[in-house]
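Work through the exercises below with the sequence and coordinates open. Each task is followed by a solution in steps.

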Amino acid sequence: MPITILPPKPARPLNTSHGAHPEDGSSLSSDESDSGGGGVGLDDGDISMNLPPTTTTTKNPAHSSHAHSLVTPGESITSDPQWMRGHGTYIATDTTAITSSVAGTITRTNKLLSVRPLRARYTPEVGDLVVGRIVEVQAKRWRVDVGSTQLAALPLSAINLPGGILRKRTETDELQIRTFFAEGDLVVAEVQQLFGDGGAVLHTRSLRYGKLRNGVFVAVSGVGGGGGVVRSRRQVWTMDVAQGAGQVDVILGVNGYVWISKHVETPAELEAGGATGAGAGAGAGVGITNMEEIVSATMYSSQNDPIEVETMREIARLRGVVMALVENGLRVDEDMVVKGYHEAVEMALASADGPEDVYLGDERGQQLAAALTGL
Amino acid sequence: MPLDTSTYNLALLRVDGRRWNELRRVHAQIRTQAAADGSSYLEMGHTKVMCVVTGPTEPGPRRGGAAAGGAGGGGVGSGGAGGKAEIVVGIVIAGFSSVDRKRYGRGDKRTLELASTVSNALAASLHTNLFPHSQINISLHVLSQDGSLLAALINAATLACVDAGIPMTDYVAACTAGSTSTYAANDEGADPLLDLNHQEEQELPGLTVATLGNSDRVAVLVCESRVQISRLEGMLAVGVDGCKQMREILDRVVREKGVRMIQEGTVEKGVGLGDIDMD
């Protein structure tokens with residue numbers, strides 16, 4: 001085989017940028033490496049081997065990202081002992097330096113330094129509104145996938161039991177556990193309690209929570225920073241949609257699971273509407289006190305209500321908006337979804353296929369994102 | 001085809017035109033699969049590897065999307081009572097990845113050993129104690145092989161774990177080193193070589209070394225060929241130095257992605273390092 005000998009290239013810029021110890025064999029200039037017979041200097045090798053086990057600073061010239069306060073694993077944040085380390089950091093052995101353990105941005109809460117990862121799995125916090133899927137039914141509880149590091153638990157005692165009164169669970173309820181939630185059902189719930197190992201306990205003891213139906217599920221990955229659902233004031237809202245398709249409920253679970261469904265008047269709202277219509281003015285605030293009158297067996301039904309085609313189309317459009325937001329790395333919150341939805345309706349009106357066009361992939365999605373970021 | 005070592009002595013250039021201390025071209029990307037928790041794609045020369053990380057998730061088969069396919073195994077730590085996440089590595093080597101087409105079975109011993117090595121290497125760096133009762137699935141796919149396979153697998157897995165946001169002490173960066181003449185030649189003046197390709201790996205003694213970040217702490221050292229002990233130190237020194245170069249390359253990939261995400265507004269800006277030091 002003929003061997004082509006390429007002309008010697010200048011030393012790779014990488015080597016020069018890496019010249020933390022210039023006497024090391026690998027960063028010799030090309031002349032020296034030729035004349036030196038190519039042998040690595042073992043003394044030099046020893047020098048590099050005797051470097052302290054943890055180099056305190058990993059400065060390289062490409063640290064323009066410091067302006068963005070981005071840190072990567074193993075990067076020392078500060079060695080000042082006045083700071084406390086938070087999530088995403090650790091203290092290297094034999095030092096006092098707080099070092100980052102994830103790639104992300106630094107956040108500071110008083111004297112606490114933590115690094116928020118660019119992307120990570122959902123970590124539950126008490127009070128979070130989550131959408132989850134039942135994956136396992138046990139004797140007295142369900143196990144719910146909420147996109148966390150472990151399955152969350154939903155005890156039988158933490159749901160609204162049907163039967164008209166707020167009551168304790170009985171053995172009959174335990175035997176009928178599958179009639180409330182079965183494997184594959186979707187629920188909206190709140191995180192009630194956390195365990196030390198990252199496990200969570202959910203509850204659905206409010207009329208806002210419970211089984212989900214009449215809609216579509218979207219899983220938005222990359223929670224905890226990267227283009228996911230962010231904790232905000234309003235995670236659940238009802239919005240009017242175009243084409244006279246009525247109202248649509250949107251639930252943005254903090255865990256990145258989203259539920260978009262047809263809005264169904266709850267018995268409470270119907271009652272309240274009737275009451276105000278009659279001028280009684282008894283603003284029926286649905287709370288734990290009058291809950292018992294309202295909870296009925298229908299709340300554990302898995303049967304969808306009849307949904308008009310127009311409503312289905314608008315639900316699909318909203319789903320497209322959420323997916324487009326995620327694909328283009330925008331955050332998903334009420335403001336963005338509502339704005340994006342109106343933008344999508346405008347785009348559909350302008351498109352060749354008319355207002356029935358719900359496609360928001362590829363260029364349409366980018367166009368949508370551009371319109372939103374331009375606003 | 002024997003390596004023409006005499007040509008090396010003439011021009012000090014290797015078969016692919018590199019010098020003794022040069023890495024091959026490294027190209028890497030993170031977040032290649034939107035649906036995965038973490039994903040990466042890495043090329044070291046013509047060795048091409050894809051990695052998908054799922055987790056930490058509830059342990060058990062087929063939960064959380066991707067079960068470790070292909071040659072599974074290499075689990076480190078116990079998913080249950082150990083109080084640490086289990087790292088399960090699955091490696092699939094494509095039949096078309098090498099020059100001669102070959103089927104790699106599910107229980108291929110070499111693949112299983114690679115999986116267990118990758119698993120052990122990452123266990124040294126990942127903070128698995130933060131995720132008790134859970135499991136981290138690392139699924140690696142080899143698309144093309146041209147030497148330094150283990151190093152490429154480790155590097156790809158590290159990148160994917162960074163993308164998945166799993167806390168770790170530092171990058172685990174790996175690379176290979178060899179020597180310019182065979183064991184039989186017993187050549188005292190043999191030079192060490194950095195980053196072996198397939199041809200060199202077949203004929204020359206070589207080792208794979210992985211270090212923890214910028215330190216000299218060796219996380220993996222695999223040597224499967226006969227080599228004089230006198231050459232080992234030189235090979236190791238060159239390998240460790242290559243690992244540091246590799247860490248910079250991996251770090252740059254992560255930084256570029258992170259800076260882009262910050263600029264796009266996906267991630268909120270944090271506090272500058274300078275601001276911290278000031279007060």
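Two strands count as paired if DSSP finds at least two bridges between them. The model used here is predicted.

**Exercise 1. Apply the pairing criterion to strand 4 and strand 5 of chain A, then place both in their sheet.**

Step 1. Strand 4 of chain A and strand 5 (residues 98-100) of chain A are joined by three bridges, in the antiparallel sense. The criterion asks for at least two. One of the residues involved is A:Thr89, whose bridge partner in strand 5 of chain A is A:Ser100.

Step 2. The sheet in chain A is open and has three strands, ordered 2-5-4, with antiparallel pairing.

Step 3. Strand 2 (76-78) and strand 4 (89-91) of chain A each have a single partner strand; they therefore stand at the edges, and one side of each has no neighbour in the sheet.

Step 4. Neighbouring strands of this sheet are turned against each other by 40° on average, direction ignored.

**Exercise 2. Check the length of helix 2 of chain B against its expected span, and find what covers its buried residues.**

Step 1. Helix 2 (residues 109-125) of chain B has 17 residues; at 1.5 Å a residue it should span 24 Å. The end C-alpha atoms of helix 2 of chain B are 25 Å apart, which agrees.

Step 2. With buried taken as under 20% relative accessible area, the buried residues of this helix include B:Leu114, B:Ala115, B:Val118 and B:Leu122.

Step 3. An α-helix has 3.6 residues a turn, so residues three or four places apart point the same way.

Step 4. The cover over the buried residues of helix 2 of chain B includes strand 4 (86-93), strand 5 (135-144) and helix 3 (149-163) of chain B. Strand 6 (172-179), strand 8 (206-212) and strand 9 (218-223) of chain B are also among the covering elements.

**Exercise 3. Which residues touch the most other members of the largest nonpolar core, and what surrounds B:Ile138?**

Step 1. The largest nonpolar core has 77 residues, and B:Ile138 and B:Leu140 touch the most other members.

Step 2. Helix 5 (residues 229-264) of chain B supplies the largest share of this core, 13 residues.

Step 3. Leaving aside neighbours within four places in sequence, the contacts of B:Ile138 include B:Cys51, B:Val53, B:Ile87, B:Val89, B:Leu122, B:Ala157 and B:Cys161.

Step 4. A second, separate core has 29 residues, among them A:Ile260, A:Val322, A:Ala344 and A:Leu372.

**Exercise 4. What share of chain B is buried?**

Step 1. Chain B contains six helices and nine strands.

Step 2. Of its 279 residues, 61% are buried.

Conventions. Residues numbered from 1 in each chain as written. Chains lettered and ligands numbered in written order. Predicted model: local features only at pLDDT ≥ 70, side-chain atom pairs only at ≥ 80, totals over all residues. Heavy atoms only, no water. Helix = DSSP H or I, 4+ residues; strand = E, 2+ residues; numbered from the N terminus. Axes fitted to C-alpha atoms, helices over the stretch in contact; angles between N-to-C directions. Expected span 1.5 Å × (residues − 1). Buried < 20%, exposed > 50% of the residue type's maximum accessible area, 1.4 Å probe, protein only. Contact = heavy atoms within 4.5 Å. Core = buried A, V, L, I, M, F, W, Y, C linked by side-chain atoms within 4.5 Å.
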